[in-house]
Amino acid sequence: MKICGLDLSMNGSGLVSFELDNNLDIISTDYLGFIQVKKHCSKQIIHYRKKDFDHRYHISAMMTEKITEFVKGSDYLAIEDYAFGAKGNTFDIGEFIGQIKMSLFKAGYKVRLYDPNSIKKFATGKGNSDKISMYLAFKKDTEIKPDLSSYPVPSKGSGAAPTSDIVDAYYIARLLRVEILLRKGLISASQLSEEEISIFNRTTKSRPVNLLDTEFLKK
């Protein structure tokens, strides 16, 4: 089975995939990112310059193509949902992320949306964690994970590209794997931490049904 976690951003999306065996243990992992600083580019980190594109729509088209190629063959995808308290070019952000979501939906993938607080809580135990805390949790993580040692270490709460994008995507994929394990009966809620249980039981005004009672988005 292949699953992917996607942290989508206009300035630099991060993606992480897991290959899972029949017990849903992680066999291998891969990642993809985008960055505007050439010295940090690699086989898995695509360098691009905004000035080389006539319009942000052309950047979106390029990223959508690369993202679609990366997730090809996935059984499940998980995407970080919108942060409704976000500031900035929110209409542009919504348009960009919505285009990618719709492309993946039309392609027939099973998609899960996780809110940012749940992803942070899964990674660190706290729903208000910053990018430094996320990175420190990643460093301590003993699961099979991407090797990010050649990329910048986050030194401020807003993070460092492409490292923070990949770390976020990693935990999105990890959370997705736990949800699939629960749904398939390979683990029970009693094996989860209190923080993890609260993620799956969480409801909000905009999402009144908890995760396990909400079907994956699919065509």
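Here is a walk through the two largest pockets of this predicted model.

Let's start with the largest pocket, which holds about 990 Å³ of space. Its lining is made of 39 residues. If you want to centre your view on it, go to Leu-8, Ser-9, Met-10, Glu-80 and Ile-93, the lining residues that lie nearest the pocket's centre.

Where does the rest of that wall come from? Quite a few elements chip in: the strand β3 (26-35) and the helices α1 (56-71), α2 (90-106), α3 (116-124), α4 (131-140) and α5 (163-183) each supply at least two residues. Among these, α2 gives the most, with four residues. As for chemistry, the lining of the largest pocket is a mix: 16 of its residues are nonpolar, 13 are polar and 10 are charged.

Now for the second largest pocket, with about 530 Å³ of space. Here 24 residues form the lining, and the ones closest to the centre are Asp-81, Leu-113, Tyr-114, Asp-115 and Arg-207. The list of elements giving two or more residues to this lining is β6 (110-114) and α3. Of the lining, β6 provides the largest share, four residues. Sorted by class, the second pocket's lining has 11 nonpolar, seven polar and six charged residues.

One element to keep in view is α3: this helix supplies at least two residues to the lining of the largest pocket, and it also gives two or more to that of the second largest.

Conventions:
Residues numbered from 1 in each chain as written. Predicted model: local features only at pLDDT ≥ 70, side-chain atom pairs only at ≥ 80, totals over all residues. Heavy atoms only, no water. 1 Å grid on protein atoms, 1.4 Å probe; cavity = no way out; pocket = protein on both sides within 12 Å on 5 of 7 lines; lining within 4 Å. Points joined across faces, edges and corners; volume = space filled by probe spheres on them. Nonpolar A, V, L, I, M, F, W, Y, C, P; charged D, E, K, R; others polar.
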